[in-house]
Every structure is written in C-alpha cells, then in structure tokens.
Amino acid sequence: MNNRPQTLGEFIIDHQRDFDYASGELSQLLSSIRLASKIVTREIRKAGLTDILGASGIENVQGETQMKLDDEANDIFLKALKNRGIVCGVASEELDDFIVFDEEKHSDSKYVVLMDPLDGSSNIDVNVSVGTIFSIYRRITPAGQPAKLEDFLQPGKNQVAAGYVVYGSSTMLVYTTGKGVNGFTLEPSLGTFQLSHPNMQMPADGKIYSVNTGNYLKFPQGVKDYIDYCQDVDAETNRPYTGRYIGSLVSDFHRNLLKGGIYFYPQGTNAPKGKLRLLYECNPLAFLAEQAGGIATDGKHRILDLEPTELHQRVPFFVGSKNMVEKAMSYVTE
Ligand code: AHM
Ligand code: MG
C-alpha cells in the first residue's frame, strides 16, 4: 500500500511532544488557524464571483483603505481563535487596539496571537496571491486576568510558533514551532492540508532580489549600492541577479524560501521607518527564516531581538538567504 502524505492534523499531534509545554493547547490553537485558513481560502476562491471585491471605504489605523476581504479574513480568524479557550487576546494589523477574550472559557488561556489576516490585499482585485501571517506567544502576565499590552509587546525571539498561509495557485500553510519549518498544501477535494514540504531549508545563496525599485531614489545610499550590485553582472556566473517583486510579502517570501533570494523593504524618504510591521509581518517571517537557515535584520539588528514599543511599529526589513543578506548588509551598514 502506498504511503499517503501526512495531514496537518496528524503532523500536529505527532509533534505535540516536541513542544516545551506539551499540553496540547498549542495543537488546538494551530487547529483553529488551520480551520480559519480554509474558510478564507473558500472566500478568496470566489472573490470574482461575489460582492466582496473592491474597497470597503473604511480606513484602518494606518490610514490605508481596507478591502472587504481584509475585514472578512480578520473576522474569520478572530472567531476561530475565540471559539476555543486557548487564546486570551489577539492583535491584528486591521485593528486599532488588541482584543481581549474574557469569557469564562478563556479564564486560563495562556496564549496571545498577533496576525496580519490578509497581507498584500491590494492584490486581490487583480487575482494575485495574498497571504495570512500569524505569530504566537505565551502571555507574560498571569493567567486569569485580562491580557495586557505587555503580552503583545514581546520580542520576536519569544515566539512559540509562527507561520503563514499563502493563497496562491494552491493554498499552503507553512509554520514553525522552533523545530524547523514544514509546509502543507491544501488538497481541495478533501479539504485537508497535507505535508508537501517537510523540513524546509532556505538555500544559503540565491539569484532573486525582491524590492520595490520604484522607490530606488528614496532609499539610503547603501541600499542603492546593493541594488546596483544586484543589477551588475556577476563575475563568476556572468549573469546578473534577477528581480522578482510580487508586492505581496508572503508570496515573495515563500518563493525566496524555496528558491533562495532576498526580500527587502528598507527605510526611505517616503517611509522613514520602512513600511512593514514588526509584530504582524517581520517577527513571524524572521522566525521562519531563521528556522530555515536564513537571516532577518532591520539593517543593524537581528529582527527577533528588537524590543517592540508599540503594536503597529514599523521597521526596515531585510530577509532571506544567509549569504545574500550578509552581502546586502556589507553595503547597507557601510
Ligand atoms: P499590507 O499589509 O497593507 O498589505 O502591506 C504590506 C504589503 C506587503 O505584502 C508588500 O510586500 C508590500 O506591502 C508592498 O508595498 P509597496 O507597494 O510599497 O512595494
Ligand atoms: Mg500586511
């Protein structure tokens, strides 16, 4: 009999004991995320057919227009996380402030979740891949009380799990609990995620650089110099690097994870602190990158060491293959 691929549910149970606090709670939390990502997949797959395309007319806390599907994905994840008594609070890129779950069943909840429910949502109307990013911490205030801001403002190195879902030509869920990175592809007819990418490793080298070169003139000189280097002919292979920028962070990161590459969103005169959010985007992807052998930095410090000061904090972000990020830093930090 042929072995069939392990399902995400089976994998989570099998690896429950790898986790320091092997109580099964984290497994249940991951199951909530798995369920929500299936529902979001269903909504995204019919995006062109229903009334959910286009802007909702509402602005989020950063003054950006939300797409209807942003709201919807946010709602779907919140409900799934609230349904079980594992999570005591959630912070989301789409919400001004964090939400506290304070029903009876949450009285002993030990985890907080930070998420970008639908990243790259400006791509929805043109049928380009989008993603969900999530980051999980144990609360640091005592259980039995409402979650507090300090539970959310923890450095990325405290994450107990993180991952993303990419809604691409197929839906994939990729996550880590600090014991490597594994990727699962949604089998649409069965509705189950199956282990398709075990023990993912980011190649140490690559040829792909991903950056919005439309901002070139606004970047610091070191970043411009590194882009010039990428566009120059490589002396050894006699060919330049290749540029790939989807403008959908999860998709750009996912491609670079598989093929080797660097993604960067630096500070610039248009975005003095960069654009991406430390808590919802950079920390979880940094955790995954490091677990797969890559590097993530703000240009000076390891992303996972940064002490957050506010929920929606932005930081410059350089992430990807080890040798490529090190090369970039040799220009950027000069
Ligand atoms: P969002 O969270 O509002 O979707 O913004 C994040 C997105 C990333 O997915 C993407 O890499 C980046 O913004 C693209 O920004 P730009 O269009 O400035 O290059
Ligand atoms: Mg985002």
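G131 has V166 of strand 7 as its bridge partner. This is a predicted model. The bridge belongs to the pairing of strand 6 (residues 130–138) with strand 7 (residues 161–167). That pairing is antiparallel and covers 7 bridges.

Step back to the whole sheet. It is open and holds 8 strands, in the order 4-3-5-6-7-8-9-10. The pairing is mixed. Strand 4 and strand 10 (192–197) stand at the edges. Each has a single partner strand, so one side of each is left without a neighbour in the sheet.

Now look at what lies across the strands. Helix 7 crosses strand 3, strand 5 (111–119), strand 6, strand 7, strand 8 (171–176) and strand 9 (181–187). Its angle to strand 6 is about 80 degrees.

Helix 7 also leads to the metal. The magnesium ion (ligand 2) has E93 (OE), D116 (OD), D119 (OD) and E281 (OE) as its protein donors, at 1.9 to 2.8 Å. E93 lies in the loop between strand 3 (87–92) and strand 4 (99–100), and E281 in helix 7, so the pair ties together parts 188 residues apart in sequence. The donor spacing reads E-x22-D-x2-D-x161-E. E93 is buried, with a relative accessible area of 6%. E281 is buried too, at 1% relative accessibility.

Finally, turn to the loop between strand 13 (261–265) and helix 7 (278–291), where P266 lies. P266 counts as buried because its relative accessibility is 1%, under the 20% cut-off. Beyond its neighbours within four places in sequence, P266 contacts V211, F219, V223, A271, G274, P316 and F318. The C-alpha atoms of P266 and N212 are 9.6 Å apart, although the two residues are separated by 54 residues along the chain.

Terms used
Residues are numbered from 1 along each chain as its sequence is written. Chains are lettered from A and ligands numbered from 1 in the order in which they are written. This is a predicted model: local features need pLDDT of at least 70, side-chain atom pairs count only at pLDDT 80 or more; totals for chains, interfaces and linings use all residues. Side-chain values use heavy atoms; hydrogens and water are left out. Helices (H or I, at least four residues) and strands (E, at least two) are DSSP runs, numbered from the N terminus. Buried means under 20% relative accessible area, exposed over 50%, partly exposed in between (1.4 Å probe, protein chains only). Contact means heavy atoms within 4.5 Å. Donors are N, O and S atoms within 2.8 Å of the metal (3.2 Å for Na, K and Ca); water is not among the atoms, so sites may look incomplete. Two strands pair if DSSP finds at least two bridges between them. Axes are lines fitted to C-alpha atoms, for helices over the stretch in contact, and angles run from 0 to 180 degrees between N-to-C directions.
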